[in-house]
Amino acid sequence: VRPVSEVCRDTVIGRHQSTKRPGRVSVLIALRPMNSVSVLATLPRLTDTNGCGSVSETLPETVPETVRGYPLRAFLICLVAYTTAQMDLALFGYAVPAIRAEFDLTLSEVMAIVSIAFLIGGGLLVALGWLGDRIGRLPMFQFSLLGSSILVALISVAPGVIALTVLRGASIAVGGLSYPITGAIVTEEMPARLRGLFMGLLQIGYPLGWALASLWSMWLLTRYGWRPLFLVGLISLPLVWVVRHYLREPARAQAAKAEQAPAVLSDLWAPDIRARAAALFLAQFLFVWAYAASIFLFPSFLRDVRGLDAFNFSLLIGAGNGIGVLGYVLAAWIGERVWTRRNTVVLWTLLGSILFQVLVWVPERFGHILLVYALMSMFFYGSAAVKFAYLAEVFPTRIRALAMTCCGSLAVVLGSAAGPYSVSLAIEAWGWHLGYAVLVGVPLTLAGLLYLTLDSLPSGLEVEEIERRMSQEATA
């Protein structure tokens with residue numbers, strides 16, 4: 001009987017089949033059935049990426065213990081891709097006042113366009129996220145980058161409101177796919193002791209994307225109008241080639257796909273999963289209701305209430321989001337090293353809610369508004385750094401992309417559909433200060449408190465250990 005290492009090396013795993021015959025050692029295999037961790041540890045060394053190009057490095061035979069080498073490369077590629085995707089989606093926020101002017105729309109009418117577009121995007125996004133578990137992370141990642149770039153650029157030639165809404169909705173779905181895909185890749189490639197930190201750092205792509213969009217807006221929007229601004233979306237196209245040649249399908253995802261049944265939507269309603277799935281969906285929905293209303297209406301608030309022109313409100317929002325990156329990094333570090341992720345989410349969200357009230361009611365001068373906005377973005381928006389890591393690690397690998405799509409991305413698009421439109425109606429009825437403060441502040445506070453109903457897990461656990469613990473708690 002040969003050593004177990006030889007047996008595992010010559011064992012058939014998924015589509016990657018050894019040419020050797022196992023012979024007598026099949027008895028040994030029967031006596032030592034491999035679980036998901038052992039399959040992960042014994043995946044054959046591959047150089048292909050399932051039809052998505054190739055990489056020179058081999059798949060790890062064990063869970064990575066350091067970020068050096070491929071894990072760091074995967075993180076950096078995901079960060080750049082996620083940043084450019086957020087930049088593409090953020091362009092619309094800066095263009096809202098100009099779009100209102102060209103099509104002669106009221107505030108609630110232009111927010112209705114935003115809401116309908118997010119509803120269109122939400123329906124498409126669920127199907128695309130499901131394919132991330134069925135087809136693979138990399139094919140859908142490439143599709144997201146390619147499709148989003150083209151759809152965003154096409155907005156520049158939209159002849160009317162209907163075409164604008166449809167193109168915006170399609171770009172939200174395809175571009176929004178970067179959220180679950182990059183999260184799944186980083187979760188499955190990073191060592192456990194640093195996973196939360198790097199998942200948090202991945203979320204700085206959000207404020208960086210808005211900051212980059214503000215730079216383009218300061219130049220193109222003020223000089224040439226809103227239509228040329230959306231041609232910036234084509235900048236993301238070269239990343240398709242980068243992903244194809246320098247990323248691989250995560251070993252954990254391959255192991256889960258080889259061993260377990262494909263993910264279906266009903267998996268999220270399993271007895272040991274549904275309570276956390278429902279709580280996370282509702283918390284994310286309320287958070288994004290507040291977030292989308294705050295960010296999409298803020299340029300109009302600065303113009304109508306504070307009297308800033310397009311250049312100055314673009315500068316203020318871009319600079320505030322750039323400074324706000326510090327809050328993302330700090331939240332990720334505290335959630336990984338000092339406190340639990342759940343408790344960090346609660347603290348950051350509640351502080352962000354308080355600072356938003358200050359932003360609406362108190363500062364009037366540019367410098368004061370910038371200071372409060374930067375502090376608010378550090379906590380309000382920075383809480384996403386810990387939310388993202390928590391959401392990614394509390395679901396089994398087999399359904400991770402689907403769960404992040406439904407409890408994350410779907411909640412994002414539905415919250416983005418409901419929030420801005422509802423808040424715009426309140427603003428028209430009650431005025432900017434009261435409508436903005438109440439219908440953003442209350443949902444944001446509730447979102448933070450909802451996390452208290454979820455498990456406060458220790459940081460640094462392998463995702464397989466988290467899955468085992470949560471399954472035991474559900475059956476206890």
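A residue counts as exposed when its relative accessible area is over 50%, and as buried when that value is under 20%. Keep those two cut-offs in mind for the legends below, which all show a predicted model.

**Figure 1. Asp-104, an exposed residue in a loop.** We start at the loop between helix H4 (70-103) and helix H5 (107-134), where Asp-104 is found. Its relative accessibility is 67%, so Asp-104 counts as exposed. Take a look at the backbone here too: Asp-104 has a positive phi of about 55°, although it is not a glycine.

**Figure 2. The chain as a whole, for orientation.** Before going further in, here is the setting for the other views. The chain holds 21 helices and zero strands. Of its 476 residues, 59% are buried. The accessible surface comes to about 18300 Å², and carbon and sulfur atoms account for 67% of that area. Among contacts in the chain with a separation of 6 or more, 83% join residues 24 or more positions apart.

**Figure 3. Helix H8 packing on helix H18.** Helix H8 (residues 178-189) meets helix H18 (residues 384-393) at an angle of about 70°, and the two axes are 10 Å apart. That angle makes H8 roughly perpendicular to H18. On the H8 side, the contact is made by Tyr-179, Thr-182, Gly-183 and Thr-187, while H18 brings Phe-388, Leu-391 and Ala-392. Sorted by class, the contact of H8 with H18 has four nonpolar residues, three polar ones and no charged ones.

**Figure 4. Phe-388 of helix H18 and its surroundings.** This view picks out one residue from the H8 and H18 contact. Phe-388 has 0% relative accessibility and therefore counts as buried. Leaving aside neighbours within four places in sequence, Phe-388 is in contact with Tyr-179, Thr-182, Gly-183, Met-199, Leu-202, Gln-203 and Met-404. One of these partners deserves a second look: Gln-203 is 185 residues from Phe-388 in sequence, yet their C-alpha atoms are 7.5 Å apart in space.

**Figure 5. The buried residues of helix H17.** Helix H17 (residues 366-381) has a set of buried residues, including Ile-369, Val-372, Tyr-373, Met-376, Phe-379 and Phe-380. Ser-377 and Tyr-381 also belong to this buried set. The buried residues of H17 pack against helix H14 (274-304), helix H15 (310-338), helix H16 (341-361), H18 and helix H20 (432-450).

**Figure 6. Two buried residues of helix H16, Thr-344 and Val-360.** Thr-344 lies in helix H16, and with a relative accessible area of 0% it is buried. Not counting neighbours within four places in sequence, Thr-344 is in contact with Ala-331, Ile-334, Gly-335, Trp-339 and Val-386. Val-360 is found in helix H16 as well and is buried, at a relative accessible area of 1%. Setting aside residues up to four places away in sequence, Val-360 touches Phe-301, Arg-306, His-433, Tyr-436 and Ala-437. Val-360 and Tyr-373 are 13 residues apart in sequence, and their C-alpha atoms are 9.6 Å apart.

**Figure 7. Two buried cysteines, Cys-78 and Cys-407.** Cys-78 counts as buried because its relative accessibility is 0%. Cys-407 is buried too, with a relative accessible area of 3%. How many disulfides are there? With a disulfide taken as a pair of cysteine sulfur atoms within 2.5 Å, the count comes to zero.

Key. Residues numbered from 1 in each chain as written. Predicted model: local features only at pLDDT ≥ 70, side-chain atom pairs only at ≥ 80, totals over all residues. Heavy atoms only, no water. Axes fitted to C-alpha atoms, helices over the stretch in contact; angles between N-to-C directions. Helix = DSSP H or I, 4+ residues; strand = E, 2+ residues; numbered from the N terminus. Parallel < 35°, antiparallel > 145°, perpendicular 65-115°, else oblique. Contact = heavy atoms within 4.5 Å. Nonpolar A, V, L, I, M, F, W, Y, C, P; charged D, E, K, R; others polar. Buried < 20%, exposed > 50% of the residue type's maximum accessible area, 1.4 Å probe, protein only. Areas by Shrake-Rupley, 256 points an atom, 1.4 Å probe, with all protein chains shown as cover.
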